[in-house]
Number of protein chains: 2
Amino acid sequence: MIKKSTFEQIISQDMAEMWSALRPNEKRIVTDNFSIQNFKKNQIIYAEKDNPEMLWCLLKGKVKMYKNGIGDRVQILRLYRPVQYFGYRAYFAREPYVSSAAAFEPSTLGAIPMEVVEDLIKGNNDLAMFFIHELSRNLGGSDTKIVSLTQKHIRGRLADALLLLIENYGLEDDESTLKIYMSREDLANLSNMTTSNAIRTLGAFVNEKLILVDGRRIKIINQAQLRKISKFG
Amino acid sequence: MIKKSTFEQIISQDMAEMWSALRPNEKRIVTDNFSIQNFKKNQIIYAEKDNPEMLWCLLKGKVKMYKNGIGDRVQILRLYRPVQYFGYRAYFAREPYVSSAAAFEPSTLGAIPMEVVEDLIKGNNDLAMFFIHELSRNLGGSDTKIVSLTQKHIRGRLADALLLLIENYGLEDDESTLKIYMSREDLANLSNMTTSNAIRTLGAFVNEKLILVDGRRIKIINQAQLRKISKFG
DNA sequence: GTAAATTTGTGTTATATAACATACCTGCCA
DNA sequence: TGGCAGGTATGTTATATAACACAAATTTAC
């Protein structure tokens, strides 16, 4: 358990966007109901069909939201970085989770009971607008993803995945190495293809000098060309 | 142009869910800013990349929200029936539309400027919760659709489309005829396949006595089996 | 520190579905 | 009334990608 003073520090520094929407007494309510949990690599935070109870706030690490599909296939739907919120959609929809969330790597998360969040929303319209905004952006992303994943060819889908990783987790100081190191399988699950095809297509990109690969370390060499592949072929 | 009294009637009867969240003075604001527009069959209501300005309320008819994809392919994302609201997501996300909306058949729509809606939300938390709820349900649907469209086989996807049409537009008094008559092409665009394959697979379903087809009229004979096909093969 | 398990890599085959070609049907309007 | 456009139907071919099989490399566990 972490001391109260540390709580305050973490949430006031990192939860900026949502935090700033709150009045002093509301901040107090959040602080009082905030609990911190650590997750190991690949540990599940919540699973499909669970009842949504918490608003999760990723403080440290990386998290994937995914859905188990047909056979053993998995589709990664969204990726989270500090400090982003998730786990609230199903609660607001009054339905069980339709997807699962797991830590990509050792991660620290904050949790606030959704009832508390809902009460806060009822008395604070900036907070309501925060969630309306988040949901709206996610829905647009999900709609766009439908078309990309169903209509683009393998190369386009993998290019999309790489570009998403750049956007989401950024690059090292060398301005080319992806900050996330993920398995070929996760890469495949992100871009709707088999692991073999992720490996093969990644290899093709290396041959074409678009990227450089060393184990799970990926260096982006030709981002412009990746964008072209995402758009056309 | 329709008389004010008729306005009041339409919106108080049909806009029930959102309408009931409003206080008398807010209802007045909506009424004063409400305009009615008729759309012909296949007429576009708004298009991708347009700037979102209006909250649309479908009063009569049927509307499809779709996205133009690669080549000439189209993906139908959502269907609307009276009385449902759409067109607000992009506004809340502060981005241009990522999809288009068009009338399936001659339709009557109400329009309210999004600025007015946003002002109302800022002063009315029930209204905010209405949108949070709608967005949350749509996002769950979109996430589920991603997996269905990418992982299910053609038969499962077409079965899904038929079940969606039942759920969305219902059946005639005979409790078997779909209330919506759509082209094979639209059916294909709903279930991510070519028109040829929609025609063929529909034919297969007829052979298997799951449905009966007379032109665009579709009778659902064996819904249980359609559900099985949606789930497995 | 060595065995076991997992991940990565590569070749081959199988198959679902798109692409293409063509014909027919049906309503429309000139 | 006849031809034209749009939609429906069906057969054939092409192809992108999954499925499978196996070997090598790397990580994990005891």
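Helices here (H or I, at least four residues) and strands (E, at least two) are DSSP runs, numbered from the N terminus. This is a predicted model, in which local features need pLDDT of at least 70, side-chain atom pairs count only at pLDDT 80 or more, and totals for chains, interfaces and linings use all residues. Residues are numbered from 1 along each chain as its sequence is written, while chains are lettered from A and ligands numbered from 1 in the order in which they are written.

**Exercise 1. The surface near strand D**

Task: Work out which elements supply the surface near DNA strand D, and what kinds of residues are found there.

Solution:
- Start with the neighbours. A residue is near a strand if its C-beta atom, placed from the backbone, lies within 6 Å of it. By that rule 16 residues surround DNA strand D, and the closest are H153(A), I154(A), N197(A), S183(B) and R184(B).
- Next, the elements. α9 (195-207) of chain A, plus α8 (184-190) and α9 (195-207) of chain B, each supply at least two residues of this surface. The biggest giver is α9(B), with four residues.
- Then sort by type. Ala, Val, Leu, Ile, Met, Phe, Trp, Tyr, Cys and Pro count as nonpolar, Asp, Glu, Lys and Arg as charged, and the others, Gly among them, as polar. The surface near strand D splits into three nonpolar, nine polar and four charged residues.

**Exercise 2. Now strand C**

Task: Repeat the job for DNA strand C and find the element that gives the most.

Solution:
- DNA strand C has 16 residues around it, the closest being S183(A), R184(A), H153(B), I154(B) and N197(B).
- The elements with at least two residues each are α8 (184-190) and α9 of chain A, together with α9 of chain B.
- α9(A) gives the most, with five residues.
- By type, there are three nonpolar, nine polar and four charged residues near strand C.

**Exercise 3. Chain A meets chain B**

Task: Describe the side of chain A that touches chain B, then say how the two copies are related.

Solution:
- Count the contacts. Two residues are in contact if their C-beta atoms, placed from the backbone, lie within 7 Å. On that basis 37 residues of chain A are in contact with 37 residues of chain B.
- Find the contributors. β5 (74-80), α4 (89-93), α5 (114-123) and α6 (125-151) of chain A give two or more residues to this side. α6(A) gives the most, with 20 residues.
- Check the mix: 15 nonpolar, 13 polar and nine charged residues.
- Superpose the copies, by least squares on the C-alpha atoms of residues with pLDDT of at least 70 in both. Chain A goes onto chain B with an RMSD of 0.0 Å, by a turn of 180° and a shift of 0.0 Å along the axis. That is the relation of a two-fold axis.
- Compare the surfaces. Both copies use the same one, and 100% of the contact residues of chain A recur in chain B.

**Exercise 4. Two open sheets**

Task: Give the strand order of an open sheet in chain A and of one in chain B, and pick out the edge strands.

Solution:
- Set the rule: two strands pair if DSSP finds at least two bridges between them.
- In chain A, four strands form an open sheet in the order β1-β8-β3-β6, with antiparallel pairing. The edges are β1 and β6 (84-86) of chain A, each pairing on one side only.
- Look at the bridges. β1 (residues 35-39) of chain A is joined to β8 (residues 107-113) of chain A by five, with I36(A) opposite G110(A). Six join β3 (residues 54-60) of chain A to β8(A), where W56(A) has A111(A) as its partner.
- Add the helix. α5(A) lies across β3 and β8 of chain A at about 60° to β8(A). Axes are lines fitted to C-alpha atoms, for helices over the stretch in contact, and angles run from 0 to 180 degrees between N-to-C directions.
- In chain B, the four-strand open sheet has the order β2-β7-β4-β5 and is antiparallel. β2 (44-46) and β5 (74-80) of chain B each have a single partner strand, so one side of each is left without a neighbour in the sheet.
- Cross the interface: α6(A) lies across β4 and β5 of chain B, at about 145° to β5(B).

**Exercise 5. How far to trust it**

Task: Find the element of chain A with the lowest mean pLDDT.

Solution:
- pLDDT is the predictor's confidence in each residue, from 0 to 100. Chain A has a mean of 91, and 93% of its residues reach 70 or more.
- The lowest mean belongs to helix α1 (residues 4-14) of chain A, at 50, and the highest to α4(A), at 98.
- Where pLDDT is low, the predicted coordinates should not be read in detail.
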